[in-house]
Amino acid sequence: MDISMIVGLILLGLIAGTLASTLGVGGGIIFVPMLVAFFGFSQIEAQGTSLAIILPTALLSTVVHARAKRIHWGVATVAGIIGVPLALLGAKVALSLDQETLSKVFSVLLTVVAVRMGYRAWTLRPAASSPSIDRSGDSAGS
């Protein structure tokens, strides 16, 4: 790695970390396209690298949010238990696809997420007029 790539990766980490923590988006939404578009990674290399990057940042973020009592542990536990075997299956599927197909699938996913988030942002009512959501006792920090 040359110095320009190191500087670029540091900037990518700063941008992705800031956006992920500020906007609540997964770092992979930032890392994967940037690694492919600006650093010449293949789609599968970008996805694998992104997952490796996200591990330590997710752990740190989890600690910070847990201390602030902003984690719904019941949801996190169920999704985590289900997510582990499905992550293994997803990795196998990703490795079985050619780069072009994988890139297209990832692009469609990003587009769907962006449209959904944009629609939601434009249709949200001000917080003061929003009804509170009952999470059936699964409140943050429980």
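The exercises below work through the fold, core, pocket and selected residues of a predicted model.

**Exercise 1. Describe the secondary structure and overall burial of the protein chain.**

Step 1. Count the elements: the protein chain has five helices and zero strands.

Step 2. Put them in sequence order, which gives the pattern α-α-α-α-α.

Step 3. Turn to burial. Of the 142 residues in the protein chain, 13% are buried.

Step 4. Take the surface: about 10,300 Å² is accessible, and carbon and sulfur atoms account for 72% of that area.

Step 5. Look at sequence separation in the contacts. Among contacts between residues at least 6 apart in sequence, 55% link residues at least 24 apart.

**Exercise 2. Find the residues of the largest nonpolar core and state which element gives the most to this core.**

Step 1. List the members. The core holds nine residues: Leu12, Ala16, Val25, Ile30, Phe31, Val32, Leu35, Ala46 and Phe106.

Step 2. Assign them to elements. H1 and H2 are the elements that give two or more residues to this core.

Step 3. Rank the elements: H2 gives the most, with four residues.

Step 4. Examine H2 further. The buried residues of H2 are Gly27, Gly28, Ile30, Phe31, Val32 and Leu35, and they pack against H1, H3 and H5.

Step 5. Check one core member from outside H2. Leaving out residues up to four places away in sequence, phenylalanine 106 touches Gly28, Val32, Pro33, Gln43 and Gln47.

Step 6. Inspect the end of H2. Glycine 40, just after this helix, has a positive phi of about 75°.

**Exercise 3. Characterise the largest pocket by volume, lining and residue class.**

Step 1. Give the volume: the largest pocket contains about 1,300 Å³ of space.

Step 2. Locate the centre. The pocket is lined by 43 residues, and the closest to its centre are Gly26, Gly27, Gly28, Ile54 and Ala58.

Step 3. Name the contributing elements. Two or more lining residues come from each of helix H1 (3-23), helix H2 (27-39), helix H3 (43-67), helix H4 (73-96) and helix H5 (99-123).

Step 4. Identify the main contributor. H3 supplies the largest share of the lining, 15 residues.

Step 5. Sort the lining by class: 27 residues are nonpolar, 15 are polar and one is charged.

**Exercise 4. Decide whether serine 50 and glutamine 43 are buried or exposed, and list their contacts beyond four places in sequence.**

Step 1. Place the two residues. Serine 50 is in helix H3, and glutamine 43 is also found in helix H3.

Step 2. Apply the cut-off for burial, which is under 20% relative accessible area. Serine 50 has 2% relative accessibility and therefore counts as buried. Glutamine 43 has 6% relative accessibility, so this residue counts as buried too.

Step 3. List the contacts of serine 50: Gly27, Gly28, Phe31, Val32 and Leu35.

Step 4. List the contacts of glutamine 43: Val32, Val36, Gln99, Leu102, Ser103 and Phe106.

Step 5. Compare the lists with the core. Phe31, Val32 and Leu35, which serine 50 touches, belong to the largest nonpolar core. Val32 and Phe106, which glutamine 43 contacts, are also members of that core.

**Exercise 5. Classify valine 105 and lysine 69 by accessibility and describe the setting of each.**

Step 1. Place valine 105, which lies in helix H5.

Step 2. Use the class limits: a residue is exposed over 50%, buried under 20%, and partly exposed in between. Valine 105 has a relative accessible area of 48%, so this residue is partly exposed.

Step 3. Add a distance. Valine 105 and alanine 94 are eleven residues apart in sequence, and their C-alpha atoms lie 9.8 Å apart.

Step 4. Place lysine 69, which is found in the loop between H3 and H4.

Step 5. Apply the same limits. Lysine 69 counts as exposed because its relative accessibility is 56%.

Step 6. Note the backbone. Phi of lysine 69 is near 55°, a positive value in a residue other than glycine.

Key
Residues numbered from 1 in each chain as written. Predicted model: local features only at pLDDT ≥ 70, side-chain atom pairs only at ≥ 80, totals over all residues. Heavy atoms only, no water. 1 Å grid on protein atoms, 1.4 Å probe; cavity = no way out; pocket = protein on both sides within 12 Å on 5 of 7 lines; lining within 4 Å. Points joined across faces, edges and corners; volume = space filled by probe spheres on them. Nonpolar A, V, L, I, M, F, W, Y, C, P; charged D, E, K, R; others polar. Buried < 20%, exposed > 50% of the residue type's maximum accessible area, 1.4 Å probe, protein only. Contact = heavy atoms within 4.5 Å. Core = buried A, V, L, I, M, F, W, Y, C linked by side-chain atoms within 4.5 Å. Areas by Shrake-Rupley, 256 points an atom, 1.4 Å probe, with all protein chains shown as cover.
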